[in-house]
Amino acid sequence: MSLAFYCTHEAVPMHYFEAMQVFSHIYGLPLLVTGLQGQAFVSRYVASLGLPADTDAVLAEEVPDDAVPAEEAPAEEAGVPDKDPCGTDEKYCVPDKEPALACKDPGLACIEFPGVVRAFPMIAGEARKAAEEDCELVRRNPALMNDRNMLKRHLYKTLSDVYGYKSPWGVLTGVRPTKVVHKLIAQGFTEAQAEAHLRDFYCCSEGKIRLCMDTFRNQRHMLGYRGKDCGLYVAFPFCPSICSYCTFGSSPIERYRNKVDAYKALLLRELELSAELLSGRYNVKYIYVGGGTPTAVPANVLREVLGKVSELFDTDSLVEYSVEAGRPDSIDAEKLEIIRNAGARRISINPQSMNAKTLELVGRRHTPEDIVEKVKLAKSMGFANVNMDVIAGLPGETPEDFRETMKQVIGLDPEGITVHTLSLKRASQLAKNESVKTLIDVENAGRMADLSREMTVNAGYEPFYMYRQKNCIGNNENVSYCKKGFESPYNVHIMDEDLTIVGVGAGAVTKIVSDGGAGIRRFFNAKSPDEYMRSFDVVVARKREALGDEKDPASAF
């Protein structure tokens with residue numbers, strides 16, 4: 001038994017053949033190329049690999065002996081329509097010495113499964129269905145013929161039928177789903193057409209389409225290339241302890257207690273250098289202090305760094321000034337006062353769960369009661385924009401546990417709630433702990449994500465930014481909800497990549513956006529505090545070179 005790639009058109013895109021190679025590998029079947037343009041296609045494929053023209057390649061000049069002859073594969077049995085779905089009005093069954101059930105359209109319907117339709121009727125049926133839909137999409141938009149997303153779509157729909165799994169985001173695999181909508185609208189799509197594209201082309205579920213479109217509508221007024229306006233990110237790569245699910249650039253503060261002052265000294269130097277290079281060229285309009293956990297450092301270090309930020313930049317003219325206050329076990333009244341006096345208007349206090357057992361399991365050294373106490377303290381000190389982070393899908397938690405977390409968080413009346421779906425990162429402690437991993441329920445994570453949307457929206461919050469991560473369980477997403485008027489434009493811009501952001505400190509990334517938003521270059525500081533301190537001279541030299549180029553600040557990256 002074999003798979004046959006029937007080639008009747010010399011311009012059949014190469015990635016269609018690559019799709020067939022995937023199926024060939026999955027089912028352990030030989031893949032043969034045949035059809036009137038088969039030899040020309042093989043020559044083109046060999047050339048694309050950079051191989052000599054005389055490289056041996058198998059070309060099926062006639063139907064293999066193990067293929068199912070046309071007369072033995074009735075259309076009804078194989079799931080083949082009476083009419084060619086591509087609209088050629090020609091039957092799939094073609095003359096002798098050509099594979100059975102081959103479509104004569106040069107579109108995706110050329111990929112059929114002659115020779116295996118009886119052995120794998122599900123594959124043949126779904127492949128045919130996908131072919132019909134793909135042909136219609138290509139007819140409406142011929143540019144899609146060479147879009148690799150067509151390959152993803154075809155593979156996804158076929159394998160979904162075989163394995164019985166449908167991803168909530170379909171074939172949309174990128175980090176920024178709303179950016180797809182932004183681009184479609186910029187191309188002239190209406191919102192209704194953009195929704196239809198998410199449904200028909202990307203195969204997204206109705207729930208994710210609604211989430212994506214609602215998020216787009218709520219952030220639309222904040223979008224757009226900001227030219228000479230920019231953001232500043234200040235990194236404190238320390239935490240009270242490392243959570244088992246985390247791989248962010250953070251280190252236990254106890255291990256670095258004797259090095260914090262050395263790190264602070266270099267951080268202040270990089271802030272001064274950044275201010276020097278930005279002066280007269282960019283206007284800092286957004287400041288975000290993150291980590292790690294900025295409040296993990298001693299109060300005097302936090303005071304000195306935030307004081308330097310206030311000294312170097314005009315904090316009165318900022319659109320946003322946010323500080324990740326972080327974990328309740330590192331927050332106290334003195335540090336909150338330092339943050340408030342520095343001019344920060346938005347802080348995050350992040351419980352992740354209100355379940356004491358879960359907090360202990362993932363390595364967080366605080367209780368639900370600590371969270372309640374610190375949120376109330378922040379509000380009593382005048383913080384009018386408090387965000388709280390929670391995680392859906394933590395090990396051992398049920399939807400009812402998560403419902404209780406959401407109920408308690410909403411009861412604290414924060415201005416924003418960010419709901420992350422657990423991402424099982426390869427380098428995390430959690431990913432290496434097989435016994436704890438068994439407590440993770442993928443289906444429950446999806447229910448929790450849906451539950452969070454229902455509860456936040458019912459409580460008066462709306463989604464304003466969203467992103468996805470690799471290895472996010474259940475293929476779900478991270479969404480930030482807020483009450484109207486309490487959005488974080490910085491987070492919207494960092495996701496849409498329309499704002500230059502200068503990163504300062506270990507693990508920080510400088511992103512230079514140029515050419516009206518079309519050009520993006522990135523510069524990464526060393527991730528660990530030790531490496532950052534060792535390589536600081538290199539950091540300075542490269543940042544000076546990059547931000548010092550008046551012609552194109554992106555050119556040095």
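**Exercise 1. Determine which residues Val436 is in contact with, leaving aside its neighbours within four places in sequence.**

Solution. Step 1: locate the residue. Val436 is found in helix 16, residues 434–437; helices (H or I, at least four residues) and strands (E, at least two) are DSSP runs, numbered from the N terminus. This is a predicted model, in which local features need pLDDT of at least 70 and side-chain atom pairs count only at pLDDT 80 or more, while totals for chains, interfaces and linings use all residues. Residues are numbered from 1 along each chain as its sequence is written, and side-chain values use heavy atoms, with hydrogens and water left out.

Step 2: list the partners. With contact meaning heavy atoms within 4.5 Å, Val436 meets Leu361, Pro395 and Leu430.

Step 3: consider the separation. Leu361 and Val436 are 75 residues apart in sequence, yet their C-alpha atoms are 8.5 Å apart in space.

Step 4: assign the burial class. Val436 counts as buried because its relative accessibility is 13%; buried means under 20% relative accessible area, exposed over 50%, and partly exposed in between (1.4 Å probe, protein chains only).

**Exercise 2. Describe the surroundings of Ser452 in helix 17.**

Solution. Step 1: helix 17, which holds Ser452, spans residues 442–458. Step 2: with a relative accessible area of 2%, Ser452 is buried. Step 3: its side chain reaches the backbone oxygen of Ala449 at 2.7 Å. Step 4: not counting residues up to four places away in sequence, Ser452 touches Phe402, Met406, Val419 and Tyr481.

**Exercise 3. Establish how helix 9 and helix 10 are arranged, from the crossing of their axes.**

Solution. Step 1: two packed helices are described by the angle between their axes and the distance between the axes. Here axes are lines fitted to C-alpha atoms, for helices over the stretch in contact, and angles run from 0 to 180 degrees between N-to-C directions.

Step 2: the axes of helix 9 (residues 260–278) and helix 10 come within 10 Å and cross at roughly 5°. Helix 9 is therefore roughly parallel to helix 10, since angles under 35 degrees count as roughly parallel, over 145 as roughly antiparallel, 65 to 115 as roughly perpendicular and the rest as oblique.

Step 3: helix 9 contributes Val260, Asp261, Lys264, Leu267, Leu268, Leu271, Glu272 and Ala275 to the contact, and helix 10 contributes Val301, Glu304, Val305, Lys308, Val309 and Leu312. By class, this contact has nine nonpolar, no polar and five charged residues (Ala, Val, Leu, Ile, Met, Phe, Trp, Tyr, Cys and Pro count as nonpolar, Asp, Glu, Lys and Arg as charged, and the others, Gly among them, as polar).

**Exercise 4. Identify the strands that pair with strand 3, and their bridge partners.**

Solution. Step 1: two strands pair if DSSP finds at least two bridges between them. Step 2: strand 3 pairs with strand 6 (residues 283–291) in the parallel sense over eight bridges, and Gly231 has Tyr286 as its bridge partner there. Step 3: strand 13 (residues 500–504) runs parallel to strand 3 and is joined to it by five bridges; Gly503 in strand 13 is the partner of Tyr233. Step 4: seven of the eight residues of strand 3 (229–236) are buried.

**Exercise 5. Compare the backbone and burial of Cys203 and Asp413.**

Solution. Step 1: Cys203 has a positive phi of about 65°, and phi of Asp413 is near 60°. Step 2: Cys203 is buried, with a relative accessible area of 15%, whereas Asp413 is partly exposed at 38%.

Technical notes:
A polar contact is a pair of N or O atoms within 3.5 Å; within protein, one must be able to donate a hydrogen and the other to accept it, and residues adjacent in sequence count only if both atoms are side-chain atoms.
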